[in-house]
Amino acid sequence: MAKILGPDGLPITTEALSEPQTSHYSHLQRELQTHPTRGLTPSKLASILDQAEQGDLLAQFDLYEDMEEKDGHIAAELGKRRRALLVDWSVVPPDNPTPAEKSNAELLAELVGEIADFEDVLFDVTDAIGKGFSCCEIEWHKPGKYWVPKTITHRPQSWFTVHRGYRQQLRLRSNTTVDGIVGEPLQPFGWITHVHKAKSGYLERTAMFRQLVWPYLFKNYSVGDLAEFLEIYGIPVRIGKYPSGASEKEKMTLLRALVGIGHNAAGIIPAGMELDFLDAATGDPKAFELMLNWCERTQSKVILGGTLTSGADGKSSTNALGNVHNEVRKDLRDSDIRQVRSTITRDLLYPMAALNGLASEGMRRCPVFWLDVGETEDIKVYADALPKLVDVGFQIPVQWAQEKVGIPQPEAGEPVLQATSPAIWRQGMAATTGRVPFPGHLWGVAAAAGQLPAGQLPPSPQTAMQPQLAANIKAPATAWVDKIRELVSQATSLEQIRDGIAALDPNMSLDDYAAAMAEALAAAHLAGRYEVLQEAGANG
């Protein structure tokens with residue numbers, strides 16, 4: 001068997017793929033999260049961030065999990081960004097592919113399509129957008145002729161540690177030491193490891209959630225303050241008075257009566273004690289709402305690059321600004337797609353190709369994983385612009401034009417739409433655009449002469465047979481035209497032309513000549529059209 005090389009160029013063996021790397025990491029599988037958001041304070045949060053910078057990432061990763069679980073706004077906005085990547089996918093060969101490379105790409109696409117819940121795998125990979133990196137473990141098997149993933153399982157970020165060396169390296173968190181470094185290196189071909197940086201720097205500080213921790217904390221404080229305010233808002237202040245010398249038991253009885261009256265509007269107190277009701281608690285909750293809105297708008301800016309694709313405030317949310325913010329969001333999506341494409345190509349597509357002998361030249365000529373966002377240009381704009389550009393000499397590739405308007409290339413023998421009759425088409429264009437389009441028969445002439453631009457689509461059968469129609473019109477009138485042409489060339493005055501035409505047939509007047517020529521031309525025209533339509537029906 002040929003030597004199998006990993007993405008780093010080092011050889012690997014299929015024996016190493018017999019079981020998942022974490023199958024013997026029972027301590028990680030039994031580990032419970034610490035939920036650091038319970039009782040989170042500014043000093044505790046600062047301590048968690050400092051510990052992460054010093055290499056202890058466990059509390060920071062658990063904090064990220066709690067934030068996504070407990071903050072509905074973060075979950076909703078991050079869900080929009082992550083699900084924007086769940087689009088149609090394909091496997092394409094490298095540039096200038098050979099027939100073998102095209103065949104390999106088709107086979108890999110078929111194998112990837114057989115992976116169970118592959119769309120869920122793509123979603124798990126995008127977990128790196130918020131948390132900095134995402135690791136999905138591959139379990140391989142060979143049920144038939146080819147090696148394919150049996151399962152691809154997302155593993156929590158808390159299972160990993162980061163080694164700072166010449167370059168940062170993700171490792172499984174363990175007490176073992178490999179090459180003098182704590183933690184076990186990730187097995188080649190065993191992981192899809194997607195690293196997503198929200199900013200440049202060390203991996204411990206590049207996660208997008210790290211930019212969200214402070215707005216999350218401030219928002220939690222504001223929510224708690226608002227809840228306390230609403231609990232007493234509109235309720236009168238109750239004051240209880242007890243006589244001097246009252247026992248502790250009597251004081252507690254009075255206090256329970258105050259609380260009960262506040263909720264039940266009824267209660268009893270011992271004789272000799274008094275209750276006074278002061279003005280109801282007042283205030284304005286807008287201060288809390290202002291802080292909450294600031295926190296959520298900041299979260300939207302960090303996650304989606306703007307706020308107007310998340311909610312409308314009725315003030316600054318104009319349609320124009322919303323479109324601008326949506327373009328920013330598309331830029332983020334396109335950037336995310338490029339990063340995910342590279343990761344899936346390197347960590348899933350190439351291992352499948354290498355294990356099955358479909359990557360003889362390594363990563364350099366490996367098929368590429370492709371995500372198609374499916375956005376096309378305005379077809380009306382292109383329908384109007386392309387004919388004009390072609391008329392002035394632009395050479396436009398057909399494939400480029402079809403990709404722009406989102407129309408796929410037809411397969412061999414696949415039925416395609418045909419153009420309508422040129423006369424009907426010209427009438428419709430004149431009615432809708434206010435102008436008569438360029439005569440359709442000239443397209444047929446250009447096709448017959450081989451003068452269509454390179455890559456130009458072939459015309460419809462009706463248009464292609466326009467030269468034949470022109471020939472049919474010309475044939476019956478050729479003799480008359482030749483005689484008249486000779487007469488005109490020899491005549492020296494209009495009178496000679498008139499007399500010469502009359503001499504061609506003394507029994508016919510000039511009006512008779514005109515009528516005969518009109519009938520001949522009309523008959524030839526109708527005969528030619530009939531033949532064109534008959535042949536078009538046979539070919540169509």
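Modeller: Helices (H or I, at least four residues) and strands (E, at least two) are DSSP runs, numbered from the N terminus. The model is predicted: local features need pLDDT of at least 70, side-chain atom pairs count only at pLDDT 80 or more, and totals for chains, interfaces and linings use all residues. Residues are numbered from 1 along each chain as its sequence is written, and side-chain values use heavy atoms, without hydrogens and water.

Biologist: Thanks! Is T193 buried or exposed?

Modeller: T193 lies in strand 9. Leaving out residues up to four places away in sequence, T193 touches S134, C135, L170, L186, T343, R346 and D347 (contact means heavy atoms within 4.5 Å). Buried means under 20% relative accessible area, exposed over 50%, and partly exposed in between (1.4 Å probe, protein chains only). T193 has 16% relative accessibility, so T193 counts as buried.

Biologist: In what order do the three strands of the open sheet stand?

Modeller: Two strands pair if DSSP finds at least two bridges between them. In this open sheet the pairing is antiparallel. Strand 5 (148-155) and strand 9 (191-195) are the edge strands, each pairing on one side only. The order of the three strands is 5-4-9.

Biologist: How many residues stand between strand 4 and strand 5 in their hairpin?

Modeller: These two strands pair in the antiparallel sense over seven bridges. Within strand 5, T153 stands opposite E137. Between strand 4 and strand 5 of the hairpin, the count of residues is six.

Biologist: Which residue in strand 9 stands opposite C136?

Modeller: Strand 4 covers residues 133-141, and strand 4 and strand 9 pair in the antiparallel sense over five bridges. Seven of the nine residues of strand 4 are buried, so strand 4 is largely enclosed by the rest of the structure. C136 itself has 1% relative accessibility and therefore counts as buried. The residue of strand 9 opposite C136 is I192.

Biologist: How far away is the nearest cysteine sulfur to that of C136?

Modeller: A disulfide is a pair of cysteine sulfur atoms within 2.5 Å, and the structure holds zero disulfides. C136 is thus in no disulfide; the nearest cysteine sulfur belongs to C135, at 7.6 Å.

Biologist: Which residues of helix 2 are buried?

Modeller: Helix 2 runs over residues 42-53, twelve residues in total. From first C-alpha to last, helix 2 reaches 17 Å, close to the 16 Å expected (1.5 Å times one less than the number of residues). Helix 2 is followed by G55, with a positive phi near 110 degrees. The buried residues of helix 2 are L45, I48, L49 and A52.

Biologist: Why do these residues lie on the same side of helix 2?

Modeller: The arc is taken from the directions that run from the helix axis to the C-beta atoms. The four lie on the same side of helix 2 because they cover an arc of only 95 degrees.

Biologist: And what is the relative accessible area of N356?

Modeller: N356 is found in the loop between helix 11 (319-355) and strand 12 (368-372). Apart from its neighbours within four places in sequence, N356 is in contact with L111, K145, Y146 and W147. N356 is buried, with a relative accessible area of 14%.
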